[in-house]
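This report considers cysteines, internal cavities and charged side-chain pairs, in that order.

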Amino acid sequence: MEKRRYSTVISWKAIALLLFILFFLHKTVECQQRSRNRIRRRLSTLPSSPSPSTRPSFNNGLKRILLSVILGVLTGLSGSILFAFAVRLIRSFVLYMNRTPILKGPVIFSPKIDPKTLQSALLTENRLLGSSTNGKYYRTVLDNGLTIAVKRLEPFETGYPEAQSKSVKRRIQQELEMLASLRHRNLMSLRAYVRESDRFSLVYDYMPTGSLDDAMNRVRENQLQLGWEVRLRIAVGIIKGLRYLHFECMSQILHYNLKPTNVMLDAEFEPRLADCGLAKLMPNLDRAAAGYSAPECFQNGRYTDKSDIFSFGMILGVLLTGRDPTDPFFGEAASGGSLGRWLRHLQQAGEAREALDKSILGEEGEEDEMLMAVRIAVVCLSELPADRPSSDELVPMLSQLHSF
């Protein structure tokens with residue numbers, strides 16, 4: 001969209017400049033033609049050897065010609081300036097008329113949701129699913145029986161000056177409408193949102209299985225068994241969702257906040273990425289997910305698609321080892337200080353098998369796949385962004401480990 005607006009502005013400026021040049025040339029040529037005609041008429045009336053009495057009238061004629069040329073140039077310049085001003089005024093008026101209006105009340109993107117029903121459901125007491133520094137997650141049921149998940153975000157701190165800015169509200173609204181247009185099996189689709197004075201309520205499909213973080217916590221507590229095939233399918237689904245965002249959308253979209261709590265699982269453990277792009281949109285949103293953010297985010301604040309790949313590498317490491325990156329074990333010197341360094345050390349020493357979750361060790365063929373996945377995770381966790389593969393490269397690398 002930004003590219004289209006920029007090209008439109010360039011085309012308007014080019015047309016105005018071209019018209020100005022043509023108008024100026026036209027006036028210049030016209031003045032020169034008039035001057036030639038006057039000179040010819042003057043010369044035709046003069047005798048072969050003009051007397052001194054005719055010289056003053058000839059000088060007066062030259063003055064008139066020069067004055068005509070100057071007036072023509074000034075007329076052309078003033079006309080061009082007025083024309084350019086008129087073009088700019090018309091363009092500003094068109095942009096003003098076409099700008100996105102700030103919508104009030106629920107904004108619905110799904111035919112299954114009624115605005116009034118949603119509004120009343122948000123006012124009632126709902127089941128709290130979780131919370132973070134930026135808001136809370138609720139489960140609620142609409143009057144038609146549809147179960148939805150509501151994420152209430154508070155993007156601005158109390159008293160934040162931009163909270164009441166129309167331009168900021170319009171920008172957030174445009175970004176949410178763009179996110180609602182995304183369609184992929186491995187993305188959480190935004191079904192609706194409600195803008196209030198100091199927060200946003202985002203409506204998604206309800207995922208009864210919860211997040212990947214919930215599932216891995218149950219695995220660590222021996223409440224859930226997740227075999228290698230299921231874990232690999234989760235990894236492949238995540239990277240397919242990233243490939244869609246990075247390469248298949250009209251303009252590249254970065255996740256900015258990829259971590260297990262933002263990977264939702266459906267009833268078949270198919271992953272869906274949540275909160276895509278919200279960290280860029282909300283200035284108060286917590287981006288620095290402990291253990292999952294790429295090193296360049298802390299060094300220079302620069303975030304690219306390779307930063308998303310680093311976060312994916314951490315998630316793949318969690319799926320392989322069953323360990324949380326915030327585990328006190330990774331604070332010890334023997335581990336290298338992080339899950340990524342620990343995996344790299346074991347892989348280089350030929351002891352990658354020691355890192356694998358013992359609950360998924362089994363058939364020899366699966367172990368070979370897991371050891372290859374450890375290599376992929378180590379590459380994704382490279383310190384330099386340029387050394388990490390792209391999501392487009394990772395999809396076939398992971399898919400070829402197993403048939404999907």
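## Cysteines, cavities and salt bridges

Cys380 has a relative accessibility of 0% and therefore counts as buried. The model that gives this value is predicted. Cys249 is likewise buried, with a relative accessible area of 14%. Both values fall under the 20% cut-off for burial.

Which cysteine holds the sulfur closest to that of Cys249? The closest cysteine sulfur belongs to Cys276, at 9.0 Å, which is too far for a bond. A disulfide would require the two sulfur atoms to lie within 2.5 Å. Across the whole structure, the search finds zero disulfides.

Cys276 also appears in the description of the internal space. There are three cavities of 30 Å³ or more, and the largest of them holds about 130 Å³ of space. Its lining comprises 13 residues, and those nearest the centre are Leu179, Met188, Leu190, Tyr204 and Cys276. By class, eleven of the lining residues are nonpolar, one is polar and one is charged.

Side chains of opposite charge can pair when their charged atoms come close. In this structure the count comes to seven salt bridges. The table lists three pairs, with the N to O distance and the separation in sequence.

| Salt bridge | N to O distance | Separation in sequence |
|---|---|---|
| Glu270 and Arg185 | 3.6 Å | 85 residues |
| Glu296 and Arg388 | 2.9 Å | 92 residues |
| Arg353 and Glu367 | 3.0 Å | 14 residues |

The side chains of Glu270 and Arg185 form a salt bridge at 3.6 Å. Glu270 sits in the loop between strand 7 (263-265) and strand 8 (271-273), and Arg185 in the loop between helix 4 (166-180) and strand 5 (190-195), so the pair ties together parts that are 85 residues apart in sequence. Glu270 is buried at 12% relative accessibility, whereas Arg185 is exposed at 59%.

Glu296 and Arg388 meet in a salt bridge at 2.9 Å. This pair links distant parts of the chain: Glu296 belongs to helix 8 (residues 295-299), while Arg388 lies in the loop between helix 11 (364-380) and helix 12 (391-399). Are these two residues buried or exposed? Glu296 and Arg388 are both buried.

In the salt bridge of Arg353 with Glu367, the N to O distance is 3.0 Å. Here Arg353 is in the loop between helix 10 (339-348) and helix 11, and Glu367 is in helix 11. Arg353 is partly exposed, with a relative accessible area of 40%, whereas Glu367 is buried at 14%.

Technical notes: Residues numbered from 1 in each chain as written. Predicted model: local features only at pLDDT ≥ 70, side-chain atom pairs only at ≥ 80, totals over all residues. Heavy atoms only, no water. Buried < 20%, exposed > 50% of the residue type's maximum accessible area, 1.4 Å probe, protein only. 1 Å grid on protein atoms, 1.4 Å probe; cavity = no way out; pocket = protein on both sides within 12 Å on 5 of 7 lines; lining within 4 Å. Points joined across faces, edges and corners; volume = space filled by probe spheres on them. Nonpolar A, V, L, I, M, F, W, Y, C, P; charged D, E, K, R; others polar. Salt bridge = Lys/Arg side-chain N within 4 Å of Asp/Glu carboxyl O. Helix = DSSP H or I, 4+ residues; strand = E, 2+ residues; numbered from the N terminus.
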